[in-house]
Amino acid sequence: MAEPQQLLRKITMPMLLFYGLGNILGAGIYVLIAEVANTSGMYAPFSFLVALIIVSFTALSYAELASRFPDAAGVALYVKEGLGSSRLSTLVGLTIAVAGLISAATIARGFVGYLSELTMLPEWIGLCALIATLALIAIWGIGQSVTIAVALTFIEIAGLLLILWIGLPALSTLPERAVELLPPLEFDLWHSIALGGFLAFYAFLGFEDMVNIAEEVKEPAKAYPKAILLSLIIATLLYLSVSLVSVLLLTPQQLATTEAPFAAIYEHATGREGTLITIIGILAIINGALIQIIMASRMIYGISKRGWLPSILAHVNSRTK
């Protein structure tokens, strides 16, 4: 009887870093900045700092557990190791996989909404075409699919850097406007900042999906702590800078009234249509959906190879691995 095929270890630490960073940045920040500014006003950058503190505990836990148990089952395996229950592990694994698929479906619907503004294609055709394309990319191989995810991540980062670039004149006014950005020690203000922090928390999510490709990462015990921590540091620097530029260029009230805050910022600063930022947002949406599909497939594989689901779901293709 032939030995079962193993997943191919092809992902380096830098690839893992940008794979995770792409999922953290995602399309969330392209919308969340308006919600955070609406809640905490000019003090939005402090809300992102609060969110970083909240999320750091979980991120450090994932970094430690992924280096100890580098397995595709991820959280499902951590539950098994910690609590010893296969049934609970299976439930957790299936819940996360289904949540990933629902997330991918929701993201795909968002993409089709954007697409309908640009083409006359029926919605169902665009939806099926996107899902089929992302599925084929995921089937193609982990090296290829992560390379595409990394390329899309660079585009996401470029969009944020573009906002910073057009916001440089606003940053030059920082010395005289610093008093507007430093919150006094008043309970109501810090309460609003904390509430904004809980909203900003969602902009940091995504690192947890990194652990499900652990069996395809080279030297995972070394790669995961570095990749997770660096992804959080880079995301934090981008979020703080972008939120600062946002509240300097537009008032919190202006940000709160738009569903596409970065497009509004771009239009305000340049006087041109924010089509470019919108396209980048669409690509960020596609990246998020691809990563969710990869995550769900690895989770199902990870719990199936332990006999918690039918073994056919743990089959690895001999050619693509």
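The legends below describe views of a predicted model of one protein chain.

**Figure 1. Overall fold of the protein chain, with 14 helices and zero strands.** Read along the sequence, the pattern is α-α-α-α-α-α-α-α-α-α-α-α-α-α. The C-alpha trace spans about 75 × 50 × 30 Å along its principal axes. The radius of gyration is 21 Å, which agrees with the value near 20 Å for a compact globule of 321 residues. Among contacts between residues at least 6 apart in sequence, 80% join residues at least 24 apart.

**Figure 2. Surface and charges of the protein chain.** The accessible surface comes to about 15,200 Å², and carbon and sulfur atoms account for 68% of this area. Of the 321 residues, 47% are buried. The chain carries 16 positive and 20 negative charges, and the mean positions of these two sets are 16 Å apart.

**Figure 3. Close-up of Ser 231 in helix α11.** The helix covers residues 220-249. Ser 231 has a relative accessible area of 0% and is therefore buried, the cut-off being under 20%. The side chain of Ser 231 reaches the backbone oxygen of Ile 228 at 2.7 Å. Beyond neighbours within four places in sequence, Ser 231 is in contact with Leu 17, Leu 21, Ile 24 and Met 210.

**Figure 4. Close-up of Ser 243 in helix α11.** Ser 243 counts as buried because its relative accessibility is 0%. Leaving out neighbours within four places in sequence, the contacts of Ser 243 are Ile 33, Ala 44, Pro 45 and Phe 48. Leu 121 lies 122 residues from Ser 243 along the chain, and the C-alpha atoms of the two are separated by 36 Å.

Conventions: Residues are numbered from 1 along each chain as its sequence is written. This is a predicted model: local features need pLDDT of at least 70, side-chain atom pairs count only at pLDDT 80 or more; totals for chains, interfaces and linings use all residues. Side-chain values use heavy atoms; hydrogens and water are left out. Helices (H or I, at least four residues) and strands (E, at least two) are DSSP runs, numbered from the N terminus. Buried means under 20% relative accessible area, exposed over 50%, partly exposed in between (1.4 Å probe, protein chains only). A polar contact is a pair of N or O atoms within 3.5 Å; within protein, one must be able to donate a hydrogen and the other to accept it, and residues adjacent in sequence count only if both atoms are side-chain atoms. Contact means heavy atoms within 4.5 Å. The radius of gyration is taken over C-alpha atoms; the globule rule is 2.2 Å times the number of residues to the power 0.38. Accessible areas come from the Shrake-Rupley method with a 1.4 Å probe; for residues, only the protein chains shown count as cover. Lys and Arg count as positive and Asp and Glu as negative; His and the chain ends are not counted. The place of a charge is taken as NZ of Lys, CZ of Arg, CG of Asp or CD of Glu.
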